[in-house]
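Could you walk me through this structure in the viewer, one selection at a time? I would like to know what to pick next and what is there.

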Amino acid sequence: MTGCVEVGDPVRPANVLGIGTRTDERAVRSRNDSAWLLPTDGSRTNHRLREDMRRFDDEDEVDLVVVGAGAGGSVLTQRLARAGWRVVCLDAGPFWDPDRDWVSDERGSHTLYWTEPRQIGGSDPVPLGSNNSGRGVGGSMVHYAGYTPRFHPSDFRTMSQDGVGADWPFGYEELRPFYEAIEHELPVAGQDWPWGDPHTYPHHPHPVGGNGEIFLRGAKAAGIEARVGPVAIANGRFGHRPHCIYRGFCLQGCKVNAKASPLITHVPDALAHGAEIRPDSHVTRVLVDDRTGTDPVATGVEYLGAGRLHRQRARAVAVCGYSIETPRLLLLSATSRFPRGLGNDHDQVGRYLMVQGAPQTAGRFEDEIRMYKAPPPEVSSEQFYETDPTKPYRRGWSIQTVSPLPITWAEHVAAQGHWGAPLREYMRDYVHWATLGALCEYLPQPDNRVTLADEKDRHGLPVAHFAYSQCENDRLLTKAATASMEAVLRAAGASEVMTIDRYAHLVGGARLAARAEDGVVDADHRVFGVPNLYVVDGSTLPTQGSANPALTVMALAARAADRLTRRARRGLTEHQTRS
Ligand SMILES: Cc1cc2nc3c(=O)[nH]c(=O)nc-3n(C[C@H](O)[C@H](O)[C@H](O)COP(=O)(O)OP(=O)(O)OC[C@H]3O[C@@H](n4cnc5c(N)ncnc54)[C@H](O)[C@@H]3O)c2cc1C
Ligand code: SF4
């Protein structure tokens with residue numbers, strides 16, 4: 001680890017004591033005490049907080065039941081519990097204990113993924129599993145990489161600006177204060193950011209490892225601007241969370257508690273404010289009372305727990321199950337008034353589901369790079385993010401270090417057709433390779449969607465079918481992004497480069513829209529047609545930019561909670577506030 005960064009503004013040194021970080025501790029604690037609720041005895045979980053957690057009865061009518069304790073669901077639960085709401089958050093997976101459940105081992109981390117059966121189709125099917133799903137309290141962020149860029153202002157108006165994609169029902173400015181709040185709560189470390197809406201980060205940038213150094217060196221030689229960060233990894237002690245130890249197992253669940261996930265950034269504060277997090281509870285249906293002559297209202301959810309079917313009554317319901325399970329649940333919850341599923345009067349549920357094209361390029365160097373010796377997320381560039389009017393494609397891509405561990409490295413090499421002796425040779429050569437990944441803004445398309453398949457899961461429920469096909473713009477972006485990464489690695493001195501095509505992330509499927517004809521939820525995340533039913537997760541994004549989505553999902557959840565509590569303070573019940 002050397003940290004010889006020369007690009008952009010000067011990189012401040014790692015801040016082991018947290019002194020001089022720009023995080024205002026008092027301001028963070030006034031809205032979220034999570035980092036200070038973690039234990040100080042060297043263990044990673046506040047067991048007392050979990051044991052003493054408030055517990056509601058299924059028969060209690062709580063103010064809100066949240067489905068899914070991931071990026072969206074955890075922030076929503078924490079914010080509303082703080083506001084005094086009685087909240088139960090159900091998650092299909094376990095309540096993770098990093099000491100007990102996680103291992104710094106690629107193969108041993110499979111329990112972190114959503115591996116229930118699903119069907120994929122279309123002309124460019126997207127494999128589902130480790131790379132785009134999570135289960136259990138903390139959701140996908142438990143094993144996400146940790147990059148936390150903001151979206152650009154242009155992402156909120158791609159249709160009016162570039163003639164592709166969609167316009168959101170609100171602009172970037174609405175989300176800015178929530179981006180800032182969440183960046184301080186995670187907290188995010190990085191250099192001052194020049195792209196999109198230029199901003200600074202609360203924690204100084206981390207020192208970089210071999211892969212990051214290659215990216216910075218190659219980018220400078222190729223005339224591309226790259227910056228260190230932004231990553232949601234503590235650079236210095238933050239509350240009772242320790243500093244990163246740079247062992248590189250971020251995608252296996254950080255056993256150190258240095259990398260942010262809702263399990264440690266929002267759940268502790270939610271528990272301390274009276275929320276119940278109920279793990280191992282798979283929601284099978286949103287219950288809606290739609291008797292003729294009354295306005296349809298959500299009354300709670302049905303869920304499977306400990307082998308039994310339960311019902312949790314609630315005055316409002318928020319679905320936060322991510323881009324495949326959220327549309328599936330809305331479709332599974334059909335009633336006589338909503339025979340095609342909730343929010344689906346205009347056949348919008350499941351549509352416009354997006355993945356980012358994520359080609360990955362590796363370069364070989366004479367020196368040992370040892371890319372595993374640092375967090376995979378280190379350095380990124382958004383120089384190609386915006387539409388370049390001189391090019392035949394619209395929108396753009398970002399470039400980031402990715403640093404695959406050995407199994408993922410073997411998959412990279414095998415995807416190039418190397419097998420047997422050549423594959424073994426590339427494996428032995430692993431320490432000499434550096435790897436970059438691009439995130440290309442593939443466009444939202446109506447036929448890229450989730451529907452219910454005929455196949456049933458172990459509970460007898462139809463599984464999700466996800467059809468995905470690329471358009472010509474997507475293919476052109478992939479080609480251009482690949483060329484830019486190869487140029488960086490060649491400029492850094494790579495003697496050989498090796499590129500594979502992949503996908504990353506999922507968003508959309510229950511998108512925000514101004515009108516029911518164009519989406520599933522309104523600007524307040526309320527499902528069209530059922531005013532006390534909300535969707536607050538990655539499925540609500542109308543466009544995806546070429547930024548990783550987690551920070552935006554959390555910021556949207558903080559904004560949705562803010563709007564809910566403001567309305568409640570005005571004394572309006574959910575049923576009185578339909579749009
Ligand atoms: C390997 C990997 C790397 C990633 N890297 C990055 C990155 O570097 N930066 C970034 O910004 N993003 C990254 N992401 C994506 C990011 O983690 C997700 O976009 C984000 O977590 C989505 O938030 P969410 O709330 O929509 O869903 P999630 O966080 O996935 O939460 C959904 C939760 O709902 C639960 N659930 C689903 N259905 C039900 C049901 N029926 N009943 C009860 N519970 C249910 C699940 O168990 C899960 O806990 C990565 C993801 C993966 C998998
Ligand atoms: S490299 Fe840092 S953030 Fe990643 S798993 Fe290790 S300690 Fe956690």
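Start by selecting Leu304 and Leu309: Leu309, in strand E8, is the bridge partner of Leu304. Keep in mind as you look around that this is a predicted model.

Now widen the selection to strand E7, residues 297–305, together with E8. The two strands pair in the antiparallel sense, over six bridges. Add E6 and you have an open sheet of three strands, in the order E6-E7-E8 and with antiparallel pairing. Which strands stand at the edges? They are E6 and E8 (308–313); each has a single partner strand, so one side of each is left without a neighbour in the sheet. Look along the sheet as well: ignoring direction, neighbouring strands are turned against each other by 25° on average.

Next, select ligand 1 and its surroundings. The shell holds 43 residues, and the closest are Gly68, Gly70, Gly139, Asn548 and Ala550. Strand E6 (281–289) turns up again here, as one of the elements that give two or more residues to the shell; the others are helix H4 (71–82), helix H11 (322–332) and H15. Colour the shell by class and you should find 19 nonpolar, 20 polar and four charged residues.

From the ligand, move on to two of those helices, H4 and H15. Their axes are 8 Å apart and the helices pack at an angle of about 30°, in a right-handed crossing. On the H4 side, show Ala71, Gly72, Val75, Leu76, Arg79 and Leu80. On the H15 side, the contact residues include Ala550, Val553, Met554, Ala557, Ala561 and Leu564. By class, this contact has 13 nonpolar, two polar and one charged residues.

Keep H15 (residues 550–569) on screen and bring in helix H7 (residues 172–185). The axes of H7 and H15 come within 8 Å and cross at roughly 110°. How do the two helices lie relative to each other? Angles of 65 to 115 degrees count as roughly perpendicular, and H7 and H15 are therefore roughly perpendicular to each other. Their crossing is right-handed.

To see the contact itself, show Glu174, Leu175, Phe178, Tyr179, Ala181 and Ile182 of H7 with Leu551, Met554, Ala555, Ala558 and Arg559 of H15. By class, these are nine nonpolar, no polar and two charged residues. For a last stop, pick Met554 and Ala558 on H15: both belong to the contact with H7, and both belong to the contact with H4.

Note on methods: Residues numbered from 1 in each chain as written. Chains lettered and ligands numbered in written order. Predicted model: local features only at pLDDT ≥ 70, side-chain atom pairs only at ≥ 80, totals over all residues. Axes fitted to C-alpha atoms, helices over the stretch in contact; angles between N-to-C directions. Helix = DSSP H or I, 4+ residues; strand = E, 2+ residues; numbered from the N terminus. Parallel < 35°, antiparallel > 145°, perpendicular 65-115°, else oblique. Left-handed = near helix turned anticlockwise from the far one by under 90°. Contact = placed C-beta atoms within 7 Å. Nonpolar A, V, L, I, M, F, W, Y, C, P; charged D, E, K, R; others polar. Near = placed C-beta within 6 Å. Pairing = 2+ DSSP bridges.
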